[in-house]
Amino acid sequence: MPQLILLRHGESSWNRSNRFTGWTDVDLTDTGRQQAADAAAALASEALTPDLCFTSVQIRAIRTLWIVLDEMHHAWLPVVRDWRLNERHYGALQGFDKQEMADLAGEEQVHAWRRSWDVRPPLLDPEDPRFPGKDPRYEEVPRKQLPRGESLQDTVSRMKPAWEGPVMQALKKGRTPLVSAHGNSIRGMVKLLDDIPDEVIPHVEIPVGVPLVYDLDGDLRPRSSRYLGKVPDGVELPRDIAERMRG
């Protein structure tokens, strides 16, 4: 029975300071590092051992994976770094305090930027130093593919080839992949896995540092899913949210 492990990175410094982060490369806090260690312990407690890993090219996801593999004594596992697994690009909002932006633009507008399916944030100018085309890690990515700001819909479209390509191919070969990524890129994966409607997926919360394990059938459709470890109050499994909002 194929298994897939999804893990949102631990708390970052900009998570803590309530800023729009997106593709800005900020590291984990001490709390985030401990969350990664706790994730490793949760996996070990159920004897769940990945044999192939995927991560974005952002340090908070990479370091989360490093810590998990180190704690599990599996630092030797192969790791695929894929920019398509990056967090949603928040455009010109990146770096701004979320509450200050709500005070300027209004709570309703900020909520739409953060929690809608198809609303994009204000886009970056290509000459802005925050534009990813100026970052050497994206130098081999065609410039037209690099976002200046993304809706959740854009993020899922960008992430989808990574899911349908290397991750699904690994599952079809009987591997047990661990994907260390971000709230919105993982949200996109659970949308595809659980067939969650467009209007529901923005309401799905992915907790930091808590492994989400899918047991799949031979066609890679979910048979069951579960969080491992301590889940924050009010966080439900994605399929449970979808079923509740449908019904």
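In this predicted model, helices H2 and H3 sit oblique to each other. Their axes cross at roughly 45° and come within 8 Å, an angle that is oblique because it falls in neither the under 35 nor the 65 to 115 degree range. H2 covers residues 30-45 and H3 covers residues 59-71. As for handedness, the H2 and H3 crossing is right-handed. On the H2 side, the contact is built from Arg33, Ala36, Ala37, Ala39, Ala40 and Leu43; H3 brings in Arg63, Thr64, Ile67, Val68 and Glu71. Sorted by class, that makes seven nonpolar residues, three charged ones and one polar one.

Arg33, a residue of helix H2, is worth a closer look. Its relative accessible area comes to 34%, so Arg33 counts as partly exposed. Setting aside neighbours within four places in sequence, Arg33 is in contact with Arg63 and Ile67, and also with Asp27 and Leu28. Arg33 and Val68 are 35 residues apart in sequence, with their C-alpha atoms 9.3 Å apart in space.

Then there are the loops, where two backbone angles stand out. Ala47, found in the loop between H2 and strand E2 (52-55), has a phi near 55°, which is a positive value in a residue other than glycine. Ala47 is also exposed, at 65% relative accessible area. His73 belongs to the loop that runs between H3 and strand E3 (79-81). Here too phi is positive in a residue other than glycine, with a value near 60° for His73. With a relative accessible area of 69%, His73 is exposed.

Key: Residues are numbered from 1 along each chain as its sequence is written. This is a predicted model: local features need pLDDT of at least 70, side-chain atom pairs count only at pLDDT 80 or more; totals for chains, interfaces and linings use all residues. Side-chain values use heavy atoms; hydrogens and water are left out. Axes are lines fitted to C-alpha atoms, for helices over the stretch in contact, and angles run from 0 to 180 degrees between N-to-C directions. Helices (H or I, at least four residues) and strands (E, at least two) are DSSP runs, numbered from the N terminus. Angles under 35 degrees count as roughly parallel, over 145 as roughly antiparallel, 65 to 115 as roughly perpendicular and the rest as oblique. A crossing is left-handed if the near helix is turned anticlockwise from the far one by less than a right angle, and right-handed if clockwise. Contact means heavy atoms within 4.5 Å. Ala, Val, Leu, Ile, Met, Phe, Trp, Tyr, Cys and Pro count as nonpolar, Asp, Glu, Lys and Arg as charged, and the others, Gly among them, as polar. Buried means under 20% relative accessible area, exposed over 50%, partly exposed in between (1.4 Å probe, protein chains only).
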